[in-house]
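This report describes the fold, the cysteines and a few side-chain contacts of one protein chain. Please look over the sequence and the structure before reading on.

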Amino acid sequence: MAKCAVCGKGVVFGCNVSHSHRKTNRAWKPNIRKVKVDANGSTQTVSICARCLRTMKKQG
């Protein structure tokens, strides 16, 4: 599922709009990465968006 485990960012729906202004459905998906994280002494694989991953790397 395209959803961040940290911030909850998910898929957003909208429309493609052509030059003639015809509209078709489309989706914007977040940039999800599977990352191994240490939690409570054990390693878990978590789906995190690139923005949260960057923030976590900054905080150390």
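## Cysteines, fold and contacts

The sulfur of C49 lies 3.5 Å from the closest cysteine sulfur, which belongs to C52, and this separation is too far for a bond. The model is a predicted one, and C49 counts as buried in it, with a relative accessibility of 1%. A second cysteine, C4, has its closest cysteine sulfur in C7, at 3.6 Å, again too far for a bond, and C4 is likewise counted as buried, at 4% relative accessibility. A disulfide requires sulfur atoms within 2.5 Å, so neither the distance from C49 to C52 nor the distance from C4 to C7 qualifies. In agreement with this, the structure holds 0 disulfides.

The two cysteines are set side by side below.

| Cysteine | Closest cysteine sulfur | Sulfur distance | Relative accessibility |
|---|---|---|---|
| C4 | C7 | 3.6 Å | 4% |
| C49 | C52 | 3.5 Å | 1% |

How many helices and strands does the chain contain? Its secondary structure comes to 1 helix and 4 strands, and these elements follow one another along the sequence in the pattern β-β-β-β-α. The radius of gyration is 16 Å, well over the 10 Å that the globule rule gives for 60 residues, so the chain is more spread out than a compact globule. Taken along the principal axes, the C-alpha atoms fill a box of roughly 55 × 25 × 15 Å.

Burial and contacts can be described for the chain as a whole. Of its 60 residues, 15% count as buried, and C4 and C49 are among the residues with that status. The chain exposes about 5200 Å², of which carbon and sulfur atoms supply 50%. When contacts between residues at least 6 apart in sequence are considered, 23% of them join residues at least 24 apart.

Strand β1 covers residues 12-17 and includes V17. Is V17 buried or exposed? With a relative accessible area of 48%, V17 falls between these two classes and is partly exposed. Leaving aside residues up to four places away in sequence, V17 touches R22 and K23.

Aromatic side chains were also examined. A search of the whole structure finds 0 aromatic pairs, yet W28 has a charged residue at its ring, since R26 lies over the face of W28 at 3.9 Å from the ring centre, inside the limit of 6 Å used for a charge over a ring.

Methods. Residues are numbered from 1 along each chain as its sequence is written. This is a predicted model: local features need pLDDT of at least 70, side-chain atom pairs count only at pLDDT 80 or more; totals for chains, interfaces and linings use all residues. Side-chain values use heavy atoms; hydrogens and water are left out. Rings of Phe, Tyr and Trp (its six-membered ring) pair if their centres lie within 6.5 Å; planes under 30 degrees apart count as stacked, over 60 as edge-to-face and the rest as tilted. A charge sits over a ring if NZ of Lys or CZ of Arg is within 6 Å of the ring centre and within 35 degrees of the ring normal. Buried means under 20% relative accessible area, exposed over 50%, partly exposed in between (1.4 Å probe, protein chains only). Helices (H or I, at least four residues) and strands (E, at least two) are DSSP runs, numbered from the N terminus. The radius of gyration is taken over C-alpha atoms; the globule rule is 2.2 Å times the number of residues to the power 0.38. Contact means heavy atoms within 4.5 Å. Accessible areas come from the Shrake-Rupley method with a 1.4 Å probe; for residues, only the protein chains shown count as cover.
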